[in-house]
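This briefing covers charge pairs, two helices and one loop residue. Look at the structure first, then read the points below.

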Amino acid sequence: MRIRLAASEDLDDAIEVYKSARAFMCKSGNPNQWGDSFPPRELVEQDISTGALRVCVDENDEVLGCFAFLSGPEPDYAHIFEGSWPNDEPYDMVHRFAVLRQGRGVGGTMLDWALEHGRNLHADTHRDNKPMQGLLDSRGFSYCGIIRIGRNGDERLAYACCDLKAREVPER
């Protein structure tokens with residue numbers, strides 16, 4: 001597997017990844033994080049056109065997962081409740097993180113790439129998204145507190161992994 005910048009030809013595949021991820025989230029007890037329509041097609045198109053969307057592909061270039069890799073600051077991260085960010089340094093973020101099928105190591109591959117290429121990496125997820133929380137924990141992220149997202153004011157659990165140079169990447 002490898003991570004590459006998404007191209008316009010990847011749009012339909014990315015939409016399928018998000019559709020599959022929404023179904024998995026619903027089945028695993030997290031029906032509210034993305035509902036039945038997030039992220040909308042227009043946002044995925046924007047992520048591609050701005051160079052934010054990354055795709056994880058197999059040896060045949062089949063899209064197995066995708067995520068937005070963005071540089072801060074993120075307005076939703078300006079106020080954190082019941083905790084704090086570990087520092088005020090510039091940071092990068094992973095958003096809209098999704099895989100086509102669970103249990104193949106795609107999420108770990110994507111998060112490892114972000115950790116290798118990011119600085120002071122931040123992420124957030126829904127309280128009910130236990131698989132993502134477990135993945136973040138497995139890659140050395142620390143829980144920092146609660147943020148509220150602007151599109152609807154919902155709370156999200158905020159995570160950070162700041163000591164990226166000293167971090168050990170798990171063996172595959």
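Buried means under 20% relative accessible area, exposed means over 50%, and partly exposed lies in between (1.4 Å probe, protein chains only). The model is predicted: local features need pLDDT of at least 70, side-chain atom pairs count only at pLDDT 80 or more, and totals for chains, interfaces and linings use all residues. Residues are numbered from 1 along each chain as its sequence is written, and side-chain values use heavy atoms, with hydrogens and water left out. Helices (H or I, at least four residues) and strands (E, at least two) are DSSP runs, numbered from the N terminus.

**Salt bridges**

- Side chains of opposite charge can pair when their charged atoms come close.
- A salt bridge here is a side-chain nitrogen of Lys or Arg within 4 Å of a carboxyl oxygen of Asp or Glu.
- The structure holds ten of these salt bridges.
- R139 pairs with D112, with 2.6 Å between the closest N and O atoms. This salt bridge links distant parts of the chain, 27 residues apart: R139 is in the loop between helix 4 (130-138) and strand 6 (142-148), and D112 is in helix 3.
- R139 is buried at 14% relative accessible area, and D112 is buried at 0%.
- R2, R4, D10 and D61 are joined into one network by salt bridges that share partners.
- Within that group, the side chains of R4 and D10 meet at 2.7 Å, N to O. R4 is buried at 16% relative accessible area, and D10 is buried at 6%.
- R101 forms a salt bridge with E62, the closest N and O atoms being 3.9 Å apart. R101 lies in the loop between strand 4 (92-99) and helix 3 (106-117), and E62 in the loop between strand 2 (53-57) and strand 3 (63-71), so the pair ties together parts 39 residues apart in sequence.
- R101 is partly exposed at 36% relative accessibility. E62 is also partly exposed, at 36%.

**Helix 1**

- Helix 1 (residues 11-27) has 17 residues. At 1.5 Å a residue, it should span 24 Å (the expected span is 1.5 Å times one less than the number of residues). Its end C-alpha atoms are 25 Å apart, which agrees.
- Its buried residues are L11, A14, V17, Y18, A21, R22 and M25. They fall within an arc of 135 degrees seen down the axis, so they line one face of the helix (the arc is that of the directions from the helix axis to the C-beta atoms).
- Helix 2 (41-49), strand 2, strand 3 and strand 4 are among the elements covering these buried residues (contact means heavy atoms within 4.5 Å).
- G29 follows helix 1 and has a positive phi, near 90 degrees.

**Helix 4**

- M132, Q133, L135 and L136 are the buried residues of helix 4. Down the helix axis they fall within an arc of 160 degrees, so they line one face.
- Their cover includes strand 4, helix 3, strand 5 (121-125) and strand 7 (155-161).
- G140 follows helix 4, with a positive phi near 85 degrees.

**Loop residue A6**

- A6 lies in the loop between strand 1 (2-5) and helix 1. A6 is buried, at 7% relative accessibility.
- Not counting residues up to four places away in sequence, A6 touches I48, L53, R54 and V55.
- The C-alpha atoms of A6 and D47 are separated by 8.6 Å, with the two residues 41 apart along the chain.
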